[in-house]
Every structure is written in structure tokens, then in C-alpha cells.
Amino acid sequence: MIASVKREERKTLYDGMKPHVELIAAGLSGVLILIGWYLLNQEVDTAAAVIFVSSFVIGGYAKAKQGIEDTIATKKLNVELLMILAAIGSALIGYWMEGAILIFIFGLSGALETYTMNKSHREISSLMDLQPEEATRIVGEKEEVVAVGELVIGDLLLIKPGERIPADGKIVSGQTNIDESAISGEAVPVSKSREDEVFASTVNLRGTITVEMTKSSDETLFHKIIELVQSAQSEKSPSQQFIERFEGPYVRTVLIVVALMMFVPHYALGWSWNETWYRAMVLLVVASPCALVASVTPATLSAISNGARNGILFKGGVHLENIGRIKVIAFDKTGTLTKGKPEVTDVLVREGLTREHLLSHVAEIERYSNHPLAGAVVEYVSSQVKNPSSSKVEDMEDIAGFGVRGNFCGIEWKVGKSEFVGKEEAEAFHDEIMKKLSDEGKTVIFARDGEGIAGLIALKDVVREEAVEAIGTLQAAGIKTVMLTGDHERTAAAIAKESGIDRFTAHCLPESKAEAIKKLQEEFGMVAMVGDGINDAPALATATVGISMGEGSDVALETADVVLMKNHLPLIAQTVKLSTRMNRIVKQNIVFSITVIMLLIASNFLQVVTLPLGVVFHEGSTILVILNGLRLLKI
């Protein structure tokens, strides 16, 4: 029993140290170099050589293993092999300590790159930890605890206060508050009751609820978030792909030049054999493109991790890189710039009638209609009228495309379009107020009783509060904004004016939205599209970068290249800013690393740079490049 506990403790200790093995090995290699240096000063050369060899093995094992395995797998030479050869070459001409320092710094830069990878993977691990492994399923009158993987669509799940919801579904009984921060990033709990949708991995805070499962475990919104981040980490940006294509031919060229330099200067320039070999080894060190290779990956992974932490999910480095070069962003209107559902904005009544009287009668009629405007009116009345009329509607009839009518105590009421209640009378109501309201992008419905037009109710799909802020920020960054909508010109113009959009295109069908994107690409070049509905999918796919709102349809989420999980429009500006920062840092890294390599190569041919200085400057530049990329982990 004691032995078993000790084994478990050792395993726990090993698991805790595993992510830091490369850093520990690099540190130990550095300590051995100091010991070897001390022994050299004490003229204990044999012991010093043994210590330096130990430093070679400990500090270089991970990179040597990686380089050899990659070469065998891809049949291509790589930077790791170049460093191994440089260290061995240094040792062969008697520069044991310089070779060990080379391995130490190269190992340290590798450890930093691994740290970046682990940091990025930890974002995934923290998400994975939020997924429940078990659920309480209701079968008849019984409850049973089962693995989440055993659940199927249609199962009834019992979720108690404090438990994480195991699957996407809808509430069939009970009401509660749910912490949806894992999905939306919003800290304020959301009230939920019967028929409301709930998501896997969110937390039930208050009441006990019964949920009917509507999606399998591999189709939940939370599972899609994890897949998106994993996909982004594995997909390479254009810059990264270019450097990887460049690496193989460059390494071959360096090895050929080094091979020539081991002989040519001795015969052509009269250098001694020792100087010739020494300069060849320095060239092998300083010409290695370590910093150049590390210019992109750490920066890209850091930016992806930063985005995931802030509710911005990229499906690949290519999209992260492209969005910083966008010249124009097109927005869908409904559900993106606007809230996606109509709200009552104006109520006007005939002289002699009260507002409550009109609203009570209209709501009683609209209660039986399934039109979206009817639902908005009923919801508004329930919140505004405290003492509604007790009159009940009779002989209610829904006339598709026009409105509804019914009788109150023998008096016929009509609610609907102006044509339905009497067009001329409706248009003249309240000094022709209908035209003004329509120009503001509002939909107007009229109510008529036995004496004429009783009143009107104006509704509008209200612009999101944050839309104006988001549009203004993008325009300040020099990005044009365009709205694409299926609405008529008047409504589109009103919404565009209210939100600050530069231009708009009305009467857009799904296919014409895609055509509009193509025209924008011809005019501006790289174009992004922001949408949330099924009808936006063609345009999202056509755009250089498709951006979907997190609460959008499954089709939009699948088609988009970037997903904003918080459904918060200002995140678009943050996304552009993050991409721009990453592109700037990658350019800095590339220019800096190439400059260092060129200067060191020139200095070597002029016999100015020594092997220790070449090691320090070259590998130091690699560390600086990686640290510069790690800055993207912070906002």
C-alpha cells in the first residue's frame, strides 16, 4: 500500500515536471557549462571535457531527437541538424565550451518555443476541464447516473443547483439562473425557464431543472469551440508556410557553402587549416536560420491563445493573418447590427381613447397570431399595461399577409397593414405620421374599431447599443463599413444612418449578398463579412474572412473563419487590432533575424566575429524573437 502511494506521488511529480523538462534540461546544461569553465581555469582539462560532453547530451538531446525524427519523417534537412553539426564541429576543433554554449542557448530558445505551445494548449485543457463526464438521466420514475457519452438526443436530464449542464438542450420544467460565461464570456447569470435553450458546460446556479437533450455531445456549441481552437493551432499561416518551404533549401545551401569553406580559403586566401575550419564552424553557427524559423509560430500561437481567452476563435493562422489586412467589412443587418427582433417604439391613439384601451384590445387580438410582430406587441403590452381590459375577443381570424380581426362585444376590430384597415384613412392619421415613421425604418401597424382608426403601433428592429461604437472604431482604423440587408431602401437607409455605416445595399437575397461581396473585393481587395444567419453563409464563404456571431446559426458557425463567442460587435475591432499587432511583430522578427544573420556572415568572412560571439549573437537573436512573439499573450 505504501509502495503504491509512493509510486502515485512519483507519477504526480513527474506529470507536474513534464511540461518543463526542456527548460530544466537547458538550465542543467548551463550549470554544467559553468562547472566546466571553472575546471578549465583550474587546468583540469579532461574533467572539463567530460562535463562539456554531459552538457551537450543533456541540453541537446530534445532538439537532436526532434531534428533527426523530422528529417527521417519528411526527408528534409532542418535547423536542428544544422545546430547539432555546428556543436560537434566546434568540439572537433577544440572549442568544447563554445559548442556547449551553443547547445545551451539553442536548447533555451527551444524551451521557450515549447512554453508557447504549452501555453496555447493549456487554453484547450482549461476548456476541456469544463466538460462534465457524468449526467443524471430520468427514465420513467427513476433517475440514473450515466456517462455523458451514453446520452442520446431526446433524453431527459436532471440538473441540480451547482451542477454543470452536460449537453445542449431545452428546459422542459423548472426555472433557474445559469452562468454562461464559459460560452459567452459574460459574467452576469442569465435567467432561464421552460422552453429556453441551455448549453453544455454552463453552470446551473439556483433551481433544479429538467432538460431535454437536443444535440449529441459532439455537436454541442461548447464542443465546437474546442474544435475551432484546436483547428486554429494546427493550421499554419501563409508566413509560416513560406518560412517552412524556405528552411529546407536554405539549410542545404548553408551546408554546401560550409563544405566549400572548409577547403577553399586555405588554398585561395592562404588561411591556415585551423583558421579555415574555425571560420567554417562559425559560418555553420551564424548562418543557421533559427531566429527566422522562430519568427512566426510563437507569435501566431500566442495571438490565437489571446483570442481564445477573450472570446475570439480563429479557425486558422491564415485567417488571423488576413484580417489585419482587411480594407472593408460588410455587415448583415438583422441579428448582427440589430438585435434581430422587433421592439415597439411608438404608440399613437385616436383622441378620446386611452393608450391602455388600445393596447389591451390589440394585444388580445395579436395573442392568437404567430407573426413575429404580434409577439413583440404582446410582450410590450404585458410589460407596459398593468391593468389590461378584461374583454375577450371572439370570432378571431388571421388573414395572411394583411393582419388579424376579431369582435369585442359585437364591435369588429382590425389590426394590420394600412391596406387592411383603410389605406387613405390610415395614411392621414395623426397628420400623416406614417410616412415619417416609415422613413425612420419602422414598421407601422394600425388598429381599427367601429369608429375608424383607433391608433397605430410602430415597431423597429433596434440597432445594438454597441454597434455604433464598433463601427466608429473600425472607421477610425481606416476600414470602410458596408451593410447588406434584404430590407427595402427606406429601412436600410435608416439603420445605416443610425449605426454610422458608410454605405448599404438593400433588397439582398443570400446569393446577391455573395455577389455584393465579390464586387467589394474587386473594388477594395480583401473583404471581411460579418453575419449570423443561414442566409449569410454564401457571403461568409465568399469573403476573404468570414466572421460569425457566436449566437448565430450552426451553418454560419461552420462557414465562418472567425467566431465571436461573446456576440459583442466591438470584438471585431479587437480582432483587427490583434491581427495587426501579430503581423507587425512577425515583420519585426523576420527583418531583425535576417539582419543579424547577414551581419554575422559578413563579420565571419572579414574574420571579425569569434565563435563565442557568433553563438551569443545568433542564439540570442532567436531568444529575442521568441520573447517578442510572446508579447501577444497579453492584450
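Which residues form a negative surface patch? In this predicted model, the patch is made up of Glu-419, Glu-424, Glu-427, Asp-431 and Glu-432. Helix 18, which spans residues 423-439, contributes the most to the patch, with four residues. Glu-419 has its place in helix 17, residues 418-421. With a relative accessibility of 47%, Glu-419 counts as partly exposed, because that class lies between the limits of 20% and 50%.

Glu-432, a member of the negative patch, is found in helix 18. Its backbone also deserves a note: Glu-432 is not a glycine, yet has a positive phi of about 60°. Most residues other than glycine have a negative phi. Asp-395 is another residue other than glycine with a positive phi, near 50°. The table sets out these two residues.

| Residue | Phi | Element | Relative accessible area |
|---|---|---|---|
| Glu-432 | about 60° | helix 18 | 54%, exposed |
| Asp-395 | near 50° | strand 13 (residues 394-399) | 60%, exposed |

The model also holds an open sheet of six strands, with antiparallel pairing and the order 2-1-3-9-4-7. Strand 2 (142-147) and strand 7 (197-198) stand at its edges; each has a single partner strand, so one side of each is without a neighbour in the sheet. Strand 2 pairs with strand 1, residues 134-139, in the antiparallel sense over six bridges. Within this pairing, which residue of strand 2 does Val-139 stand opposite? The residue is Lys-142.

Definitions and conventions: Residues numbered from 1 in each chain as written. Predicted model: local features only at pLDDT ≥ 70, side-chain atom pairs only at ≥ 80, totals over all residues. Heavy atoms only, no water. Patch = residues over 30% accessible without salt bridge, like charges linked within 9 Å, V, L, I, M, F, W, Y side chains within 5 Å. Areas by Shrake-Rupley, 256 points an atom, 1.4 Å probe, with all protein chains shown as cover. Salt bridge = Lys/Arg side-chain N within 4 Å of Asp/Glu carboxyl O. Lys, Arg positive; Asp, Glu negative; His and termini not counted. Charge placed at Lys NZ, Arg CZ, Asp CG, Glu CD. Helix = DSSP H or I, 4+ residues; strand = E, 2+ residues; numbered from the N terminus. Buried < 20%, exposed > 50% of the residue type's maximum accessible area, 1.4 Å probe, protein only. Pairing = 2+ DSSP bridges.
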